[in-house]
Amino acid sequence: TYFIGSIEHTLRAMPIPARIFFGAKFFAHCLPAAIISVSFFGVTAAVYGHYEHSQAPFYIMAVTGAVFFPLPLIGLCYLINIGVMRMTKIFKQRRFVMMITGLLGIVIALGINYFVQSINMLHGSSDLVEAFTRYRPFIAAVTRCLLPVRFFAAALSANSLSTAIGSFLPFLAVCIAVPVVIIGLLSGVYEKTLDGFDEQALKRLTASETVKVIRRGFTQRSAFSTLLLREIHMMNREPAYLLNGPFTMILLPLIYGIMYLTGSLTLPPEVELFMQSTTGLVIAGVCGAFLGSATGTAATAVSRDAKNLWLIKSLPLSIKHYMQAKLAHAMLFAGIGSLIGVGGMTLLFSLKPSAAIAALLIALSLALFCNLLALMLDTAHPKLHWDTPVAAVKHNLNTIIMLFSDLLLFSITITAASLISIPQDYYLPCFAGIPLFASGITAHFFWPYAEQQINRLEI
């Protein structure tokens with residue numbers, strides 16, 4: 001959000017003072033941060049206050065401090081970003097920055113998860129006190145360096161109201177002073193760092209290079225394969241699409257892998273025996289189907305293409321092939337997710353090769369039905385108006401709706417596999433054949449509807 005897109009150039013062309021421009025963006029970022037901060041501090045303050053029998057001033061300072069706490073943190077982030085953007089042009093490529101920050105955030109999240117799981121394993125043992133004692137000097141040093149944290153902690157842990165107010169007022173002063181100073185002094189510098197942001201270098205090609213580009217880029221293909229390659233290239237071109245969707249099928253196994261490495265994921269021997277039964281076969285298939293359909297590729301397929309729908313509608317292309325390419329693209333990720341999910345369950349519970357193949361077929365069948373439903377939802381209610389590619393994915397309610405719908409469908413599938421009593425040879429035709437048959441019926445009616453709906457959409 002340092003540079004949100006082409007709208008930045010439009011806003012800078014208006015007679016808007018630099019301080020107002022930078023200040024508006026600064027406080028726009030503070031609003032969602034304040035909501036998250038209030039939610040976090042509200043819960044922790046309620047739990048702590050309940051057991052410590054705290055008075056009303058404690059809760060008032062906790063909630064008020066939660067509102068102001070993000071201000072210096074966001075100011076520090078802007079200070080670092082402005083300094084980096086001022087010194088080098090490498091980070092002025094939006095996609096490169098999003099990829100680096102996204103991967104860094106994932107690594108930090110995994111590190112925190114590993115730390116939490118490690119601490120949970122020490123719960124109830126004498127090593128827990130030793131572990132906290134070992135980290136205490138480091139935590140104390142960090143607290144001394146960060147004035148807002150020190151003042152806020154002192155205010156909440158004070159024994160008297162006067163002492164608490166004496167620490168809380170400096171905390172508010174620091175939280176207000178940091179953004180005021182940064183906005184007042186660095187507004188002009190921030191606006192200058194936007195020059196040349198997300199520029200693309202152009203190179204004049206020689207005759208031989210032009211021939212190579214034409215031969216490599218202009219190849220005769222079928223309409224369906226061309227549309228499928230277009231979907232793949234469009235997904236790979238935007239890091240926001242990969243990090244907020246398909247990366248889920250890698251992130252979730254990593255989280256469970258960390259739990260396994262730390263020893264917090266302990267399963268009794270009866271679970272392995274149960275997973276080798278027919279019901280366990282269905283559960284393994286459902287796990288693969290969840291990873292294959294949780295990417296949100298189909299649930300945002302039309303929304304991600306909102307800026308190009310006018311071009312697609314103007315070309316002599318079949319809307320049926322256009323939608324089929326989107327479904328096939330979603331199934332490519334579904335296949336990878338199903339392989340990861342079923343493969344992980346096979347390694348974890350030592351499933352037989354025949355059971356693993358059957359679970360994979362069930363996973364692909366369920367993922368096909370789920371992705372088809374997601375594509376139908378995004379065709380009926382696409383998010384057509386967005387400023388950045390991130391908004392097309394992260395601010396799209398279709399992904400949330402389909403996530404809960406998939407969980408409901410998978411829960412019904414596992415419940416049915418646990419309750420019904422049918423011969424073992426009929427499990428695969430039942431739990432893979434029924435979703436496949438339902439997908440065929442749904443697709444038969446969906447293609448004509450999709451053609452009508454796409455033609456009606458106006459950007």
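**Helices, cores and a buried salt-bridge network**

With 31 residues at 1.5 Å a residue, α17 should span 45 Å, and the distance of 44 Å between its end C-alpha atoms agrees with this. The structure is a predicted model. Helix α17 covers residues 319-349 and is followed by Ser350, which has a positive phi near 55 degrees. Ser350 is a residue other than glycine and is placed in the loop between α17 and α18. With a relative accessible area of 45%, Ser350 is partly exposed. A positive phi of about 55 degrees is also found at His53, again not a glycine. His53 belongs to the loop between α2 (18-52) and α3 (56-68). The relative accessible area of His53 is 64%, so this residue counts as exposed.

The secondary structure of the protein consists of 21 helices and zero strands. Of its 459 residues, 38% are buried. Contacts between residues at least 6 apart in sequence were examined for their range, and 81% of them join residues at least 24 apart. The protein exposes about 26100 Å², of which carbon and sulfur atoms supply 70%.

In soluble globular proteins, nonpolar side chains tend to be buried together. The largest nonpolar core in the model has 35 residues, and Met323, Leu375 and Phe446 have the most contacts inside it. Two or more residues of this core come from each of α10 (223-237), α15 (301-304), α16 (309-314), α17 (319-349), α18 (353-380), α19 (389-394) and α21 (427-456). Helix α17 contributes the most, with seven residues. A second core, separate from this one, has 23 residues, including Met275, Val282, Leu351 and Cys370.

The surroundings of Leu375 illustrate the packing in the largest core. Residues up to four places away in sequence aside, Leu375 touches Ala298, Ala301, Met323, Lys326, Leu327 and Phe446. Two of these partners, Met323 and Phe446, are listed with Leu375 among the residues with the most contacts inside the core.

Helix α15 also holds Ser303, a residue that counts as buried because its relative accessibility is 0%. Apart from neighbours within four places in sequence, Ser303 is in contact with Asp378, Pro382, Lys383, Trp386, Ala392 and Asn396.

Side chains of opposite charge can pair when their charged atoms come close. Four salt bridges were found in a search of the whole structure. One of them links Asp305 and Arg230, with 2.7 Å between the closest N and O atoms. Asp305 is in the loop between α15 and α16, whereas Arg230 is in helix α10, so this pair ties together parts 75 residues apart in sequence. Asp305 is buried, since its relative accessibility is 0%. Arg230, by contrast, counts as partly exposed at 23% relative accessibility, a value that is not under the 20% cut-off for a buried residue.

Arg230 also forms a salt bridge with Glu231, where the closest N and O atoms are 3.5 Å apart. Glu231 has a relative accessible area of 1% and is therefore buried. A further salt bridge pairs Glu231 with Lys326, the closest N and O atoms being 2.7 Å apart. Glu231 lies in helix α10 and Lys326 in helix α17, so parts of the protein 95 residues apart in sequence are tied together by this pair. Lys326 is likewise buried, with a relative accessible area of 1%. Through shared partners, these salt bridges join Arg230, Glu231, Asp305 and Lys326 into one network. Lys326 of this network is also one of the residues that touch Leu375.

At the surface, Leu397, Ile400, Ile401, Leu403, Phe404 and Leu407 make a nonpolar patch of about 560 Å². Ile400 is found in helix α20, which comprises residues 397-419. An α-helix has 3.6 residues a turn, so residues three or four places apart point the same way. Ile400 counts as partly exposed because its relative accessibility is 44%.

Terms used:
Residues numbered from 1 in each chain as written. Predicted model: local features only at pLDDT ≥ 70, side-chain atom pairs only at ≥ 80, totals over all residues. Heavy atoms only, no water. Core = buried A, V, L, I, M, F, W, Y, C linked by side-chain atoms within 4.5 Å. Buried < 20%, exposed > 50% of the residue type's maximum accessible area, 1.4 Å probe, protein only. Helix = DSSP H or I, 4+ residues; strand = E, 2+ residues; numbered from the N terminus. Contact = heavy atoms within 4.5 Å. Salt bridge = Lys/Arg side-chain N within 4 Å of Asp/Glu carboxyl O. Patch = residues over 30% accessible without salt bridge, like charges linked within 9 Å, V, L, I, M, F, W, Y side chains within 5 Å. Areas by Shrake-Rupley, 256 points an atom, 1.4 Å probe, with all protein chains shown as cover. Expected span 1.5 Å × (residues − 1).
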